[in-house]
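Let's take a look at the empty space in this one: what lines it, and which parts of the fold do the lining?

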Amino acid sequence: MVNWKEIEEKWQTKWRESKIFETDPDSSKPKYYLTVAYPYPNSPQHIGHGRTYTLTDVHARYMRMQGYNVLFPMAWHFTGTPVIAMVERLKKGDEELLDTFLNIYKIPRENLSRLETPIDMARYFAEEIKNGMQRIGFSIDWRREFTTVDAYYSKFIEWQFEKLRQRGYITQGSHPVGWCPNCGNPVGQHDTVGDVEPEIEEFTVIKFKCAEDILPTATLRPETVFGVTNIWLNPDSTYVKASVDGESWVVSEAAVEKLKFLERTVEVKEKFPGMKLIGKKATNPVNNMEIPILPADFVDPNDATGVVMSVPAHAPYDLIALDEILNLSKSELEKRGIWPIDKKSLEPIPVIELPGYGVVPARHVVSKLKITRQSDPILKKATQEVYSQEFRNGRMLGNTGAYAGLPVEKAKGIVKEDLISEGKATVIHELIEPVECRCGGEVVVKIFKNQWFIDYGNKSWKKMAHEALDKMEIIPRELRQEYEYVIDWLKAKACARKAGIGTKLPWESDWIIEALSDSTIYMAYYTVCRKLKELKPSLESLGLEFWDYVFLGEGDIQSVASSTGISVKDLEELREEFKYFYPLDCRHSGRDLIPNHLTFMIFNHVGIFPSSLWPRGIAVNGSVLMEGQKMSKSLNNIIPLISAIERYGADPLRLSLMITAEPIKDADFSEDIAKTMCENLEKYYSKAIEILKTTSGYVGEFSEIDRWMLSRLQWHIKEATEAMAELKVRKAIHAIFYNLNQDLDWYMRRVEPQKKDESRRRVIDGLLRRVLNVQVRMLAPFTPHICEELWEAMGGEGSVSFAEWPKVDEKLIRLDVEEMESTVKLVLADLENIVKATSMKPSHIIFYVATGWKWKVYLKALTLASKDSLDVGSLIKECFKDDELKTKVKEIPAFARDVAEDVKKMPEETLKLRLSIGAVNEFKLLQDAAGFLGREFQCEVTVYDEADPWIRDPKNRAERAKPYKPAIYVE
């Protein structure tokens with residue numbers, strides 16, 4: 001049984017005391033600088049967070065072993081409002097929060113008094129998170145630790161914002177923002193429950209008429225208005241007639257306040273149930289067609305205006321809803337207030353031609369996916385497919401008037417502009433998905449006046465962001481288009497608020513810079529904060545001139561020294577440290593931050609720094625599920641990281657977080673997986689210690705099976721190294737731990753009988769130690785504690801954390817030896833099948849290997865196949881050109897047929913390999929393996945060449961022997 005805690009404490013103490021992860025510039029080594037999103041400390045880290053940070057640490061450790069001088073720092077993101085909201089809830093005795101703190105986060109009740117101010121709460125959780133990071137073994141340079149409310153950091157942020165403003169990227173104006181009415185502030189991702197970014201979309205509101213009133217339908221597809229068959233209202237919801245900017249609108253009651261936040265003048269005149277309008281008629285403004293108003297329970301009064309236009313030809317939801325209505329009985333239609341109903345008028349009206357999708361694209365997709373009811377979750381997928389395909393490949397049909405023939409991508413904007421200019425439409429802004437503020441309030445969209453914005457919609461800035469992205473390494477590669485998409489659609493984003501924790505806007509101090517805006521280039525600050533802590537310059541001295549010199553190399557150093565009181569030597573060191581580590585080589589984060597933080601990082605770097613200092617790469621990963629479910633307090637399946645370390649051990653937990661999926665996928669964690677990893681590592685450790693106790697580093701003459709093991713080792717090194725280049729950690733672990741162990745088990749099984757010979761035993765022991773040395777080094781980034789312990793036990797030099805990552809020795813790759821060993825494996829499998837099928841206990845196993853003439857035929861077949869000209873006739877003809885084979889005129893035809901059939905099924909790589917190997921001495925191969933096979937079956941083993949005159953063949957099995965397929969007789 002491994003004492004994980006003892007091993008972890010031993011090596012964490014050694015790392016801390018030796019300061020091996022404290023990284024300074026070293027001109028003798030190439031640098032590698034990577035960071036991970038600093039945590040927002042308003043709760044402990046749980047194992048979901050642990051995946052992102054563990055992946056970063058694995059990456060850092062791997063790059064150190066590749067010979068790089070690796071910088072991996074950490075800081076704390078105090079900025080924003082979430083922690084303020086939590087403190088308020090705690091002061092009010094919020095039962096849900098108290099339950100979370102006491103029973104999920106396991107905070108001792110007596111410690112709650114330490115959480116009564118926002119800064120104190122943030123510091124408390126930062127200490128807890130730091131403790132967890134240290135206990136799981138993250139190789140962080142803690143000298144560079146800071147918080148986003150530190151005074152020096154605030155001066156750095158002031159410089160950042162002044163640079164952005166100077167370059168025209170910060171503007172003031174009125175824009176839509178996510179807004180919490182309770183807090184009275186714009187909100188971003190860090191302010192919301194579940195860290196959801198309030199994504200705002202501009203909807204076109206098309207004005208259908210119902211008598212003298214307007215039914216405003218909000219849509220993202222104004223070009224489909226020509227295909228509207230009806231209007232949907234929720235009959236059980238409350239609607240209002242209201243004056244909206246002087247027009248009489250009918251909207252859901254829930255829409256009234258949202259319209260006011262959008263700077264609309266709204267005066268409610270009358271309230272009534274939606275049922276009141278069901279069965280009445282509305283008029284389509286583009287063609288004056290009269291259409292019915294139908295009931296729909298699926299209409300959410302909280303979405304936009306609560307009034308929905310129905311386009312069944314191009315909207316799967318509408319199509320299924322209409323199908324359900326049209327299948328109702330007369331009595332059901334009467335109950336819903338829509339009898340009589342003109343079914344013909346409700347037939348889908350196609351207005352877009354989409355090749356490959358039939359006349360009615362929605363019907364085509366719904367049929368393909370076999371959707372028959374509104375509750376089918378696949379309807380969302382169907383909608384996405386129709387919308388995206390029509391947008392990219394659709395063209396407007398002739399019934400769309402002036403827009404006929406236009407691509408949908410172009411028509412969408414033109415139709416919208418025309419409707420607005422003609423007074424038939426307007427726009428509103430709405431959240432794509434509902435969002436809840438951490439205070440408990442519902443987030444809405446508000447037109448905020450005189451707000452400060454970072455103008456991510458700036459076209460020239462977007463162009464530079466794309467240029468930077470084009471040069472970056474994106475891991476996983478397939479996510480590159482997500483960044484491209486975000487860069488394209490990003491618009492101006494509110495960057496300041498009136499309340500919260502953070503740095504004040506330098507030119508207007510009653511504004512505070514918000515959380516996602518002060519966390520975009522802080523990677524640069526890590527490079528200088530260590531020395532700033534040592535120098536302790538006055539705050540007032542750290543003006544723009546100082547930062548311009550350190551980060552941009554601008555200004556006169558003597559002048560900067562004079563204004564800051566920092567010596568020229570120290571200024572040069574600050575500048576050189578930044579230049580040594582920058583640009584950032586890799587930024588790690590969760591995939592959910594692509595739409596905001598990670599793309600903001602690209603923008604802000606290209607907006608401030610020269611192209612030589614733009615980031616070089618980003619790596620992201622998915623979330624962690626708990627036994628297939630999203631982690632949630634309501635499901636009581638959140639495990640704090642420290643609790644998981646105590647329960648499973650740091651190394652088993654690290655391995656569990658990396659093994660279940662590659663980074664792009666969500667990892668599925670479970671207690672069973674963690675226990676299995678713990679058991680596997682304990683077995684591995686015990687076996688490794690046993691090898692180290694009984695082996696030495698002796699190197700002698702290798703046998704074929706030794707060469708096989710060394711060859712297989714090279715493949716595992718190669719596979720793991722290639723996987724790590726793309727951070728495919730699951731694949732790397734399988735190569736290092738499972739696949740290599742599998743080959744090692746086979747090797748030890750094969751050589752066990754040979755250990756009776758002292759000289760062979762010494763060679764085998766030396767080879768086992770050699771393999772273990774390689775495996776421990778490759779496993780070290782994933783399970784550093786146990787690998788340090790084994791490295792020490794084998795007498796490794798220094799720390800395994802800085803040992804060289806193994807390199808492939810091409811000279812040791814022996815494909816021929818591997819192919820021959822596969823014959824032994826196949827023979828073993830055949831024997832096991834025979835024993836199982838006959839239920840016999842063998843007393844004697846006899847092998848008959850193919851004789852020389854059969855090998856000649858076999859190699860001729862391989863040669864013909866390599867030229868793509870193998871058939872039985874040509875093979876026989878080729879054989880009879882050989883004098884020896886002419887004497888086998890009776891045997892050749894039947895054997896040639898067998899061989900040709902086998903070779904035709906053979907993979908091309910195997911064919912090439914066997915052709916290059918030529919004839920194999922299978923007699924020697926099996927003779928060498930006889931001891932192993934005899935031990936496996938506890939019986940005598942004999943090997944014959946089928947042409948041996950002294951052969952014993954009671955059942956005439958010998959003639960069945962083929963190359964790579966010896967015949968077998970079991971007694």
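## The largest cavity

Start with the lining of the largest cavity: by class, it has seven nonpolar, two polar and two charged residues. This is a predicted model, and the cavity in question holds about 80 Å³ of space. The charged pair is Lys-258 and Glu-430, while Thr-305 and His-429 are the polar ones. Among the nonpolar lining residues you'll find Leu-259, Leu-262, Ile-428 and Val-444.

Which elements build the wall? Helix 7 (253–261), strand 16 (425–431) and strand 17 (444–455) each put in at least two residues.

## The second largest cavity

The structure has three cavities of 30 Å³ or more, and the second largest comes in at about 40 Å³. Its lining is made up of Tyr-684, Lys-687, Ala-688, Ile-691, Asn-741, Leu-744, Leu-772 and Gln-775. By class, that is five nonpolar, two polar and one charged.

Here the wall is helical: helix 22 (671–694), helix 24 (729–751) and helix 25 (758–779) each supply at least two residues. Helix 22 gives the most, with four.

## The second largest pocket

Now for an open space. The second largest pocket has about 380 Å³ and a lining of 19 residues. Gln-12, Trp-15, Arg-16, Gln-134 and Trp-142 lie nearest its centre.

Helix 1 (4–18) and helix 5 (118–135) each bring at least two residues to this lining, with helix 1 giving the most, at five. As for chemistry, the lining splits into six nonpolar, six polar and seven charged residues.

How values were computed. Residues are numbered from 1 along each chain as its sequence is written. This is a predicted model: local features need pLDDT of at least 70, side-chain atom pairs count only at pLDDT 80 or more; totals for chains, interfaces and linings use all residues. Side-chain values use heavy atoms; hydrogens and water are left out. On a 1 Å grid over the protein atoms alone, a cavity is a set of points where a 1.4 Å probe fits but cannot get out, and a pocket is an open set with protein on both sides within 12 Å along at least five of seven lines; lining residues have an atom within 4 Å of a point. Grid points are joined across faces, edges and corners, and a volume is the space filled by probe spheres set on the points.
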